[in-house]
Amino acid sequence: MSALHAGACRCGLISAEMTAEPIIRSYCHCRDCRKQTGAPVMAFVVFRDEAVTWFGTPKTFRSGGVERSFCEHCGSQMGHRDDQLPGEIYLALGF
């Protein structure tokens with residue numbers, strides 16, 4: 001199946017294609033998301049892992065049961081995974 005959605009970091013080193021519609025589209029203004037984005041709200045979409053194909057390997061860091069991914073070259077945030085929600089990836093809408 002061809003990609004329905006695609007995204008990439010600012011420099012283009014890391015990209016992804018999604019072969020399904022997001023299962024969730026939402027905003028979050030929790031303290032963690034505000035600190036991550038430097039903004040009052042984070043817009044994101046959620047995909048099942050099997051719908052996402054990565055081109056390149058993002059760097060990650062873990063804190064408080066959440067693993068966040070980013071490009072080591074340009075610093076663009078990509079999204080996060082939550083230990084309590086296995087099989088899902090939350091991608092920043094700007095990715």
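**Two sheets, two cores and a pair of cysteines**

In this predicted model, six strands make an open sheet in the order β3-β4-β9-β8-β7-β6, and their pairing is antiparallel. The edges of the sheet are β3, residues 24-28, and β6, residues 59-63. Each of these has a single partner strand, so one side of each has no neighbour in the sheet. From one strand to the next, the twist averages 25°. As background, strands of a sheet are held in pairs by backbone hydrogen bonds, and the pairing can be parallel or antiparallel.

The pairs can be followed across this sheet, beginning at the β3 edge. Strand β3 pairs with β4, which covers residues 42-48, in the antiparallel sense over five bridges. One of the contacts to look for is that of C28, whose bridge partner in β4 is M42.

Further along the sheet order come β9 and β8. Strand β8 (residues 77-82) also pairs with β7 (residues 66-70), antiparallel and over five bridges. Within this pair, E67 has R81 in β8 as its bridge partner. The two strands form a hairpin with six residues between them. In its turn, G75 has a positive phi of about 85°.

On its other pairing, β8 meets strand β9, residues 88-92, in the antiparallel sense over two bridges. The bridge partner of G79 in β9 is L91. This pair is a hairpin as well, with five residues between the strands. The turn holds G87, which has a positive phi of about 85°.

The loop between β8 and β9 also contains L85. Is L85 buried or partly exposed? Its relative accessibility is 34%, so L85 counts as partly exposed. The C-alpha atom of L85 lies 9.8 Å from that of V66, although 19 residues separate the two along the chain.

The model has another open sheet, made of three strands in the order β1-β2-β5, again with antiparallel pairing. Here β1 (5-8) and β5 (52-55) stand at the edges. Each has a single partner strand, so one side of each is left without a neighbour in this sheet. The twist in this sheet averages 15° from one strand to the next. Strands β1 and β2 run antiparallel and are joined by four bridges. In this pairing, G7 stands opposite A16 in β2.

Next come the buried side chains. Which residues make up the largest nonpolar core? There are twelve: C9, I14, A16, M18, V45, F47, V52, C71, M78, I89, L91 and F95. At least two residues of this core come from each of β2 (15-18), β4 and β9. A second core, separate from this one, has seven residues, including M42, F44, V46 and Y90.

M18 gives a view of the surroundings of one member of the largest core. Apart from its neighbours within four places in sequence, M18 is in contact with A3, L4, H5, A6, G7, F47, A51, V52 and L91. Among these contacts, F47, V52 and L91 also belong to the largest core.

The loop between β5 and β6 is the place of P58. P58 counts as buried because its relative accessibility is 17%, and the cut-off for buried is under 20%. Residues up to four places away in sequence aside, P58 touches I14, S69, F70 and M78. Of these, I14 and M78 are members of the largest core. P58 and F95 are 37 residues apart along the chain, and their C-alpha atoms are separated by 12 Å.

The last topic is the cysteines. In general, a disulfide is a covalent bond that links the sulfur atoms of two cysteines. How many disulfides does a search of the whole structure find? The search finds zero. C9 is in no disulfide, and the nearest cysteine sulfur, that of C11, is 3.7 Å away. Why is there no bond between C11 and C9? The 3.7 Å between their sulfur atoms is too far for a bond, because a disulfide requires the sulfur atoms to be within 2.5 Å. The surroundings of these two cysteines can be read from their accessible areas. C9 has a relative accessible area of 6% and is therefore buried. C11 has a relative accessible area of 37% and is therefore partly exposed.

Methods: Residues numbered from 1 in each chain as written. Predicted model: local features only at pLDDT ≥ 70, side-chain atom pairs only at ≥ 80, totals over all residues. Heavy atoms only, no water. Pairing = 2+ DSSP bridges. Axes fitted to C-alpha atoms, helices over the stretch in contact; angles between N-to-C directions. Core = buried A, V, L, I, M, F, W, Y, C linked by side-chain atoms within 4.5 Å. Buried < 20%, exposed > 50% of the residue type's maximum accessible area, 1.4 Å probe, protein only. Contact = heavy atoms within 4.5 Å.
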